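Take a moment to look over the chain before reading on. The paragraphs below go from a single loop residue to the whole fold and back to single residues.

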Amino acid sequence: MARVLPRVACVVCAIAALWLAFMTFNQVALAGFPDGHVTDYDKAADGPLGVFSYVEAGFGLLFLVLAFSPVKARPRAVGLLVCLIALVLVAVVVQVGIPWYFGTHLGLDNGIGG
C-alpha cells in the first residue's frame, strides 16, 4: 500500500495539472468570444497565460514521469510533494495573480460591465 499510494497520487496530480493546462489554454483561446471583441485585458494577459498553460502541461508530464520512474516510494513521495507545491503556486498565479495584476492593479478593461 505504501508503494502504490504515491504512484496513484502522482497520476491524480498529473490529471489535475493537465486539466489546469487545458482550462488555461481555453481561457486564451476563447478571448473575444462570442462577439470577437478582444479587450485590453485579453491582449495583455494572452502572453503570460499562454506560457503558464505550457508550464502546467509540463507539470502534468513531470507527474507522469515521477509516477512511472523506477524510484523507491519515499523519493517519489518527496518529489510529489515538491512538484505539488510548485503546481499549486503556479495555479494561484494563473487564477488569482494574473487577473489581479492586469484587471485590478493596471485597471485594464476586461469587458465585464453593463
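Which residues does T39 touch, not counting residues up to four places away in sequence? In this predicted model, T39 touches D109, N110 and G111. T39 itself is found in the loop between α1, residues 4-29, and α2, residues 40-68. One of the three partners also takes part in a polar contact: the side chain of T39 reaches the backbone oxygen of D109 at 3.3 Å. T39 has a relative accessibility of 4%, so it counts as buried. The loop that holds T39 also holds P34. The peptide bond that joins F33 and P34 is cis, with omega at about 10°.

With that loop placed, the chain as a whole can be described. There are 3 helices and 0 strands, and the order from the N terminus on is α-α-α. The third helix, α3, covers residues 73-105. Along the principal axes, the C-alpha atoms fill a box of roughly 55 × 25 × 20 Å. The radius of gyration is 17 Å, whereas a compact globule of 114 residues would have one near 13 Å.

Contacts and surface come next. Of the contacts in the chain with a separation of 6 or more, 79% are between residues 24 or more positions apart. Buried residues make up 29% of the 114 residues. The accessible surface comes to about 7300 Å², and carbon and sulfur atoms account for 74% of that surface. As for charge, the chain has 6 positive and 6 negative side chains. The centres of these two sets lie 37 Å apart.

Helix α1 offers two residues to look at together, T24 and L20. They are linked by a polar contact, in which a polar atom of the T24 side chain lies 2.8 Å from the backbone oxygen of L20. Are these residues buried or exposed? T24 counts as buried because its relative accessibility is 1%. L20 has 22%, and therefore counts as partly exposed; the cut-off for buried is under 20%.

Beyond their neighbours within four places in sequence, T24 is in contact with L49, S53, E56 and V94, while L20 is in contact with E56, L87 and A91. E56 thus appears in the list for T24 and in the list for L20. S53, a contact of T24, can also be placed relative to L20: the two are 33 residues apart in sequence, and their C-alpha atoms are 7.6 Å apart in space.

The last stop is S69, in the loop between α2 and α3. At 17% relative accessibility, S69 falls below the cut-off and so counts as buried. A polar atom of its side chain lies 3.3 Å from the backbone oxygen of L66. Residues up to four places away in sequence aside, S69 touches R7 and R76. How far apart in space are S69 and L89? From C-alpha to C-alpha the distance is 24 Å, with their positions 20 residues apart in sequence numbering.

Definitions and conventions:
Residues numbered from 1 in each chain as written. Predicted model: local features only at pLDDT ≥ 70, side-chain atom pairs only at ≥ 80, totals over all residues. Heavy atoms only, no water. Helix = DSSP H or I, 4+ residues; strand = E, 2+ residues; numbered from the N terminus. Rg over C-alpha atoms; globule rule 2.2 N^0.38 Å. Buried < 20%, exposed > 50% of the residue type's maximum accessible area, 1.4 Å probe, protein only. Contact = heavy atoms within 4.5 Å. Areas by Shrake-Rupley, 256 points an atom, 1.4 Å probe, with all protein chains shown as cover. Lys, Arg positive; Asp, Glu negative; His and termini not counted. Charge placed at Lys NZ, Arg CZ, Asp CG, Glu CD. Polar contact = N/O pair within 3.5 Å; in protein donor to acceptor, adjacent residues only side chain to side chain.
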